[in-house]
Amino acid sequence: REAEVKHGRVCMLAALGMMFPEFGRLPQFSGVSTNPLQAFYDIGPVAWLQIFTFIGILESVSYDKIYYGDAAPGDLGFDPLRLSSDP
């Protein structure tokens, strides 16, 4: 169940990332194509290194909670807006 929740969250962010260039562009990414297949080749190896490093950090932080904790699936202890707490 943990993998399903995590993949669902990644898909929601990907869908948002597909729609965002239609409404606005960040100035530092003005040279990158809005076509996702072309953008894959436009960014350099340093950008891919940053992406995979960030993913690795997120996975290593959540590893203990997933495999050794007793928390509910998807509960990583990160809720800055307090949306899951009862009033």
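This passage describes the fold, surface and aromatic contacts of a predicted protein model. Local features require pLDDT of at least 70 and side-chain atom pairs pLDDT 80 or more, whereas totals for chains, interfaces and linings use all residues. Residues are numbered from 1 along each chain as its sequence is written, and side-chain values use heavy atoms, without hydrogens and water.

The secondary structure consists of 3 helices and 0 strands. Helices (H or I, at least four residues) and strands (E, at least two) are DSSP runs, numbered from the N terminus. The order of elements from the N terminus is α-α-α. Helix H3 covers residues 45–67. Its 23 residues should span 33 Å at 1.5 Å a residue (1.5 Å times one less than the number of residues). The end C-alpha atoms of H3 lie 32 Å apart, in agreement. H3 also has a kink of about 30°, centred on Val61. The bend is the angle between axes fitted to the seven residues ending at a residue and the seven starting there.

The accessible surface is about 7800 Å² (Shrake-Rupley, 1.4 Å probe; for residues, only the protein chains shown count as cover). Carbon and sulfur atoms account for 66% of that surface. Of the 87 residues, 5% are buried. Buried means under 20% relative accessible area, exposed over 50%, and partly exposed in between (1.4 Å probe, protein chains only). Phe23 lies in helix H1, residues 2–23. Phe23 counts as exposed because its relative accessibility is 73%.

The structure holds 3 aromatic pairs. In one of them, Phe40 and Tyr41 meet edge-to-face, at 5.0 Å centre to centre and 90° between the planes. Rings of Phe, Tyr and Trp (its six-membered ring) pair with centres within 6.5 Å; planes under 30 degrees apart are stacked, over 60 edge-to-face, and the rest tilted. Phe40 is partly exposed at 45% relative accessibility, and Tyr41 is exposed at 63%. Ring pairs link Phe40, Tyr41, Trp48 and Phe52 into a cluster.
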